Amino acid sequence: MLRESVTYVINRQETWKGQCATEPVEAGWATEAIFFVRGMEEAGGDLPQIRAQVSPDGMRWVDEGAAIPIPQKRDAIEFLRVRHFGNWLRLKADLPEGATCSLLVSVHLK
Amino acid sequence: MFSTDAADIREGLVQADPRLSRFDPLPRILCLDDFDRGHCGWSQLMGNYEGSLDTILPGYRNITNPMLSTLSHWDSGSHGAMDGTYALKIATRPKKDAVSVAIKRLTFRKAGPVRLEFYATFKPEATDLALSDRDLKSIGLVLDLQVGDRHGAGGERVMPHLRYLNSAEGKLHQKWQFKRRRPQVREIGNNGETVSHFHLADEGWEDLEDGAQKLCYNEIATKVNWHYFRFDFDIESMRALRFQCNDRAFDMAGFDSIRLPAMKNLWCMLNICLFAETAADKRAFLYVDSVCLSGML
């Protein structure tokens, strides 16, 4: 059986302000994930890190430990790798007052 | 006495195969999607755009990727699929009236009858310790079809829509509906090459004749039961032939589809869409165990 591999685009056309997260990714079948985060326009303000989170149920979330900067420039790309995540994954960022960004986020699972 | 009739042998083979005996396929099986084998070509429905993603019509922006799910529940663990481990999960965003759609894009080689069969179940996200049976608005299916390029004058793009309206505005409806009212087709971008229409908006739905049906929701938000669905459509006459859910087959005499003039780049299109719609600020899920699309030779 050939190994399953898939790409999901989990964030697009959303302006992030305040407490923001991608929709949950359910991927219990996968053993590895890599997220790519692309700036779709110039980000503004004091930008926090974007963090990987895991969950027991897709509803309650805790930080996994991996984190990357939010890309500030349009078309700049950051990536983040996660393994041993169980069934659920998402990315989360808490943007302070005045910070904003627009991101294209994809996750590649296998 | 053993039969040597080809039809009897075929029926015997279908019934002896556990992957197929739950279906009643027409002679040509076009696809048999078991999500234990992966996503099987089901993907996110993307709105049309030109120049910028900002040209995508708003209704398409809520649509998410279908994912492989074990129907994992916080209180009882993985429910699993009807057969095997994984089902295809179509999830809305947690925003009232959001719709999410999974699509499989094909073309046809013969304009004749096709039969779409699938096993599926549906549930709102179990964020509350409550029955929550009014939190999922609807589940449904769409075919998106267009005649071949030699059809000649009067060729159409035809989009049969069916949904099970479970609930709206806090009230259970539990009935099947169809849509024939054509949505507004809008120009996208400035090159005159791209158009788009959001055909899944919560408007223009009409009740199917005698279409009330109570399904097996079960007793808490984390118990699910698989249901059988079948839709027969003739691509030659562009008419619905039959719709069935579990033990009920519905009269399709009053059914019609959204009909548009044929578009310049969609010849012989045969797309299948399955969708879920939420009635609350809570995710709604349509889980699909398996799909069989079949047709005549």
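Two strands count as paired when DSSP finds at least two bridges between them. Keep that rule at hand for the first exercises. The model is a predicted one.

**Exercise 1. Which strands pair with β8(B), and in which sense do they run?**

*Step 1.* Start with the strand itself: β8 of chain B covers residues 113-124.

*Step 2.* Look for bridges to β16(B), residues 227-234. There are eight, and the two strands run antiparallel. For a landmark, find R115(B), which stands opposite D232(B).

*Step 3.* Now try β21(B), residues 284-295. Eleven bridges join this strand to β8(B), again antiparallel. Here A120(B) stands opposite V288(B).

*Step 4.* Apply the rule: at least two bridges are needed, so both β16(B) and β21(B) pair with β8(B).

*Step 5.* Check the cover as well: eleven of the twelve residues of β8(B) are buried.

**Exercise 2. Which strands pair with β7(B), and over how many bridges?**

*Step 1.* Strand β7 of chain B spans residues 99-107, and its pairing with β2(B) is antiparallel, over two bridges. Two bridges just meet the rule, because the rule asks for at least two. One matching couple to look up is Q44(B) with A102(B).

*Step 2.* With β20(B), residues 269-278, β7(B) pairs over nine bridges, also in the antiparallel sense. L106(B) has L270(B) as its bridge partner there.

**Exercise 3. Classify the ring pairs Y60(B)–F198(B) and W176(B)–F250(B), and say which parts of the chain they tie together.**

*Step 1.* Under the ring-pair rule, all chains together give 17 aromatic pairs.

*Step 2.* For Y60(B) and F198(B), the ring centres are 5.0 Å apart and the planes make 80°. Angles over 60 degrees count as edge-to-face, so edge-to-face is the label for Y60(B) and F198(B).

*Step 3.* Where do the two residues sit? Y60(B) is in the loop between β2 and β3 of chain B, while F198(B) is in the loop between β14 and β15, so the pair connects parts 138 residues apart in sequence. Y60(B) and F198(B) are both buried.

*Step 4.* For W176(B) and F250(B), the centres are 6.5 Å apart and the planes at 55°, which makes the pair tilted. W176(B) belongs to strand β12 and F250(B) to strand β18, so this pair links parts that are 74 residues apart. Both W176(B) and F250(B) are buried.

*Step 5.* Follow the ring pairs onward and you reach a cluster that includes W176(B), F250(B), F231(B), F243(B) and F255(B).

**Exercise 4. Which residues touch the most other members of the largest nonpolar core?**

*Step 1.* That core has 83 residues, and the answer is L109(A), F231(B), F243(B) and V288(B).

*Step 2.* Zoom in on F231(B). Neighbours within four places in sequence aside, its contacts include V114(B), L116(B), L141(B), L143(B), F243(B) and M252(B).

*Step 3.* A second core, separate from the other, holds 16 residues, among them Y60(B), V99(B), C273(B) and F275(B). Y60(B) is the ring you met in Exercise 3, where its partner was F198(B).

*Step 4.* A bit of background: in soluble globular proteins, nonpolar side chains tend to be buried together.

**Exercise 5. Find the positively charged side chains that lie over rings, and give the distances.**

*Step 1.* R60(A) lies over the face of W74(B), with 5.7 Å to the ring centre.

*Step 2.* In chain B, the charged end of K123(B) sits over Y217(B), 3.6 Å from the centre of the ring.

**Exercise 6. Are D75(A) and E169(B) buried, partly exposed or exposed?**

*Step 1.* D75(A) is in the loop between β7 and β8 of chain A, with a positive phi near 70° although the residue is not glycine. Its relative accessibility is 44%, so D75(A) counts as partly exposed.

*Step 2.* E169(B) is in the loop between β11 and β12 of chain B and has a positive phi near 50°, also as a non-glycine residue. At 63%, E169(B) is exposed, because the cut-off for exposed is over 50%.

**Exercise 7. How does the radius of gyration of chain B compare with that of a compact globule?**

*Step 1.* For 297 residues, a compact globule would come out near 19 Å; chain B has 19 Å, so the two agree.

*Step 2.* Buried residues make up 57% of chain B, whose secondary structure is one helix and 21 strands.

Definitions and conventions:
Residues are numbered from 1 along each chain as its sequence is written. Chains are lettered from A and ligands numbered from 1 in the order in which they are written. Side-chain values use heavy atoms; hydrogens and water are left out. Rings of Phe, Tyr and Trp (its six-membered ring) pair if their centres lie within 6.5 Å; planes under 30 degrees apart count as stacked, over 60 as edge-to-face and the rest as tilted. Helices (H or I, at least four residues) and strands (E, at least two) are DSSP runs, numbered from the N terminus. Buried means under 20% relative accessible area, exposed over 50%, partly exposed in between (1.4 Å probe, protein chains only). A charge sits over a ring if NZ of Lys or CZ of Arg is within 6 Å of the ring centre and within 35 degrees of the ring normal. A nonpolar core is a set of buried Ala, Val, Leu, Ile, Met, Phe, Trp, Tyr and Cys residues joined through side-chain atoms within 4.5 Å. Contact means heavy atoms within 4.5 Å. The radius of gyration is taken over C-alpha atoms; the globule rule is 2.2 Å times the number of residues to the power 0.38.
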